[in-house]
Amino acid sequence: MGDRHYENNIKDYGGEDLVGSDGKLIDKYCTPLKQGIEHMLERLYTGLENEDDDNYSVYTGIGGIALLHLRLYSYKNSDRGQLECALDCLKPALKRLKGRRISFLCGDAGPLALGAVVYSKLGNTAASADCIKRLEALHKAVCEDPSLPDELLYGRVGYMYALLLVRKHCGNDSIHMDIVLQVYKCVIDSGLHMSQQQRWKHPLMYAWHDKHYLGAAHGLAGIYYMLMQVSDSSVQKYIQELVRPSLEWMLTLQFPSGNCPSSLGSSTGDKLVHWCHGAPGWIHTFVEAYKLFGEDRYLQAAVRCADVIWERGLLRKGYGICHGTTGNAYAFLAMYQLTDDKKYLHRAYEFGMFCIHQRPPRIPDAPYSMFEGLAGTIYFLVELLTPSEARFPAFAF
C-alpha cells in the first residue's frame, strides 16, 4: 500500500455477463450502484446546506452542482425538477459574472454554457439565446489577450469546450462556427510560435506558468485532445500536419510502466496517476488519436495506460474526477467504448463499487464539488449504469 494509492487486490474480469442487449448494466450490477447513488445524493444535499455558494465554477463550485443536476435529468427519466435545480444553481452566477476568466471549468464560460443548455431544455429560448450571446462575446478576449494560456482548466481550449458543448445540446446553428474556428486558429498559432521560438522538433508546444505541462488539465494531452474534437473540414490540415506529429512525440514520453509524465523535467517522475496529471488524462488523447488515424501504436499506448491505472488507480486522495478514483475509472469506460472488451467495463465497475464501500482517508478541499468531491463521484456512478454513453464531464463529448 503506497502513499498515493491502495494496493489493488480486486479480481480482474472473469468472463461474466455485465450488460444487456440495451447496452445497460444488468440488474445484478445496477441495483448496488443505484443504492450507492441515492445514499451519496443524501450526503451531498446535506453537505451543500453549509457550503459557500459564492464559487460559481464548474470545477469546485455551484456550477458543478448544476452540471450534476443536468446529468440527473436524464437519469431520473427527464425529471424537469432536475433542470429547475440546475437553474437555481446557475441564476446567481449568471447575474454576477464579470468576464475575468473564460474557461468552462473555472471561468464564466461554464455557467453561461450550462445556462444556455438548461434554458433550452426548459423551453426558454430567449434566456438561452442571451446566455449564448454572452458566451460568444467572450471570444474577443480569448483571442486577443496574449497573457491567456491555451490549456483546459483556465485557458482557450477550456473556452472552446463550452462552445462545442452548446453546439452539441442546442444545435450546430446555436454557436457560429466562425467563432470556434477563430479560437482554434489562435491555439494553433500559439503552439506554433512557442515550438518555433524554443526550437522543438514537434510542431505544437505549450506552457502554463512557464512550465511545459503534459497532462489533461494544464498540458498538451488536454490541448491536443480538444483540437481533435473539432470536425470542421477547414481544420483537418492542422490535425494531420501539426497535431498528429506532435502526438507522435508524445508517444515517446510514456514511461515503461504505462504511466505518463506530468510535465517535462518533473521531479515527481512516475508517480502521479490522475486525470489531471498522468495516464488517466493521456489515455483519452490516445483513444481519440486511434479513432482518427487508426494507427495501432495509439491503441497500444492506451492499453498500457489502462493497465497502470488498474494497478495504481485506487487513489488515497479521494474519489473525485480530477485527481481521484472516479476520474481514473473513466479511462476504463473510454477503453470499453473503443474496444467492446468487457474487461474494461468490469474494471470501471469495480472502481465505482470501491468508491461506494470505502470512505477515502483524505478529505478534499471542496468535498462536495464536481471535480474534487462527491458530486463528481455521483456523476460517474450514474454514467456507469449506461456505459456506452458515458463521457468524461467537461472534457469528452
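In which helix does Ile62 lie? I began there, keeping in mind that this is a predicted model, and found that Ile62 belongs to helix H2, which covers residues 62–75.

**Entry on Ile62.** I then looked up what surrounds this residue, and, with residues up to four places away in sequence left out, Ile62 touches Asn55, Tyr56, Ser57 and Cys89. I also checked Ile62 against Asp79, and the two are 17 residues apart in sequence while their C-alpha atoms lie 20 Å apart in space.

**Entry on Arg101.** I moved on to Arg101, which sits in the loop between helix H3 (80–96) and helix H4 (109–122). For Arg101 and Tyr154 I noted a separation of 53 residues in sequence, against a C-alpha to C-alpha distance of 7.1 Å. Tyr154 also appears among the contacts of Arg101, which touches Cys106, Gly107, Asp108 and Tyr154 when residues up to four places away in sequence are not counted.

**Entry on Arg347.** My next stop was Arg347 in helix H14, a helix that runs over residues 342–357. Is Arg347 buried or exposed? I entered Arg347 as buried, because its relative accessibility is 4% and the cut-off for buried is under 20%. I then followed its side chain and found a polar contact of 2.8 Å with the side chain of Asp12. Asp12 is also one of the residues that Arg347 touches outside the four places on either side in sequence, and the others are Ala306, Asp307, Trp310 and Phe332.

**Entry on the nonpolar core.** I looked up the largest nonpolar core, which holds 149 residues, and wrote down the members that touch the most other members, namely Leu135, Tyr159, Met160, Leu227, Trp275 and Phe371. I followed Leu135 further, and, leaving aside its neighbours within four places in sequence, I found Leu135 in contact with Ala109, Leu112, Ala113, Tyr159, Ala162, Leu163, Val166 and Ile175. Tyr159 thus stands in both of my lists, as a contact of Leu135 and as one of the core members with the most contacts to other members.

**Entry on the cavity.** How many cavities of 30 Å³ or more does the structure hold? I found 1 cavity of that volume or more, and the space in the largest cavity comes to about 30 Å³. Its lining is made up of Asp150, Glu151, Tyr206, Ala207, Tyr213, His218, Gly219, Leu220 and Ile223, which I sorted into 5 nonpolar, 2 polar and 2 charged residues.

Technical notes: Residues are numbered from 1 along each chain as its sequence is written. This is a predicted model: local features need pLDDT of at least 70, side-chain atom pairs count only at pLDDT 80 or more; totals for chains, interfaces and linings use all residues. Side-chain values use heavy atoms; hydrogens and water are left out. Helices (H or I, at least four residues) and strands (E, at least two) are DSSP runs, numbered from the N terminus. Buried means under 20% relative accessible area, exposed over 50%, partly exposed in between (1.4 Å probe, protein chains only). A polar contact is a pair of N or O atoms within 3.5 Å; within protein, one must be able to donate a hydrogen and the other to accept it, and residues adjacent in sequence count only if both atoms are side-chain atoms. Contact means heavy atoms within 4.5 Å. On a 1 Å grid over the protein atoms alone, a cavity is a set of points where a 1.4 Å probe fits but cannot get out, and a pocket is an open set with protein on both sides within 12 Å along at least five of seven lines; lining residues have an atom within 4 Å of a point. Grid points are joined across faces, edges and corners, and a volume is the space filled by probe spheres set on the points. Ala, Val, Leu, Ile, Met, Phe, Trp, Tyr, Cys and Pro count as nonpolar, Asp, Glu, Lys and Arg as charged, and the others, Gly among them, as polar. A nonpolar core is a set of buried Ala, Val, Leu, Ile, Met, Phe, Trp, Tyr and Cys residues joined through side-chain atoms within 4.5 Å.
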